[in-house]
Amino acid sequence: MEPLLIVDAANVIGSVPDGWWRDRRGAVERLRDRLPQVAAAGLATHPGPLDVVLVAEGAARGVGSIPAVRVSSAPGSGDDRIVELVAEADAGRDVVVVTADRELRRRVEALGAGCVGPRALQNLSGDL
């Protein structure tokens, strides 16, 4: 079973001050469009292929999925949706969450998931 990589879209796009706040939906779409590379190649700590889920919230809700990247629109808090996805993962499946949010890291690690920061995506996707 492929490792599951869950990406906290708001946290990842918020880690780079590139004007994302003027178009949150567009910023999440650009991130989504770079993630197939991560799905195929993997991360330094988790070689590919990876099953990638991008969690979108707020103004970015409704961003569509693309091949190799499923988008999950959080009905409320993106953090709560990420915790749900970790809790729903099959027992024994390797789950990694991409976020720098300390509280979210604490919550998902308590469920057995690993965490990496947004910089883990930097080298693979170029301009994150």
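Select Glu88 to begin: in this predicted model, Glu88 is exposed, with a relative accessible area of 54%. Then add Arg81, which forms a salt bridge with Glu88, the closest N and O atoms lying 3.8 Å apart. Arg81 counts as buried, since its relative accessibility is 18% and the limit for that class is under 20%. The structure holds eight salt bridges, and this tour visits several of them.

**Across strands S2 and S3**

Select Asp51 and Arg70 next. They form a salt bridge in which the closest N and O atoms are 3.1 Å apart. Asp51 belongs to strand S2 (residues 51–56) and Arg70 to strand S3 (residues 69–73), so this pair ties together parts that are 19 residues apart in sequence. Is Asp51 buried or exposed? At 18% relative accessibility, Asp51 counts as buried, whereas Arg70 is partly exposed at 42%. Now add Arg93 to the selection: Asp51, Arg70 and Arg93 are linked in a network of salt bridges.

**The sheet**

Switch to a cartoon representation and display the strands. In what order do the five strands of the open sheet run? The order is S3-S2-S1-S4-S5, with parallel pairing. S3 and strand S5 (114–116) are the edge strands, each pairing on one side only. Direction ignored, neighbouring strands of this sheet are turned by 25° against each other on average.

Focus next on strand S1 (residues 4–8) and strand S4 (residues 95–98), which pair in the parallel sense over four bridges. To inspect one position there, select Ile6, whose bridge partner in S4 is Val97. Then bring in helix H4 (residues 102–109), which packs on the sheet and touches S1, S4 and S5. The direction of H4 makes about 155° with that of S5.

**Within helix H2**

For the last stop, select helix H2 (residues 24–41) and display Arg25 and Glu29, both of which lie in this helix, four residues apart, about one turn. Side chains of opposite charge can pair when their charged atoms come close. Here, the side chains of Arg25 and Glu29 meet in a salt bridge, with an N to O distance of 3.5 Å. How does each partner stand with respect to accessibility? Arg25 counts as partly exposed at 33% relative accessibility, and Glu29 also counts as partly exposed, at 27%.

Technical notes. Residues are numbered from 1 along each chain as its sequence is written. This is a predicted model: local features need pLDDT of at least 70, side-chain atom pairs count only at pLDDT 80 or more; totals for chains, interfaces and linings use all residues. Side-chain values use heavy atoms; hydrogens and water are left out. A salt bridge is a side-chain nitrogen of Lys or Arg within 4 Å of a carboxyl oxygen of Asp or Glu. Helices (H or I, at least four residues) and strands (E, at least two) are DSSP runs, numbered from the N terminus. Buried means under 20% relative accessible area, exposed over 50%, partly exposed in between (1.4 Å probe, protein chains only). Two strands pair if DSSP finds at least two bridges between them. Axes are lines fitted to C-alpha atoms, for helices over the stretch in contact, and angles run from 0 to 180 degrees between N-to-C directions. Contact means heavy atoms within 4.5 Å.
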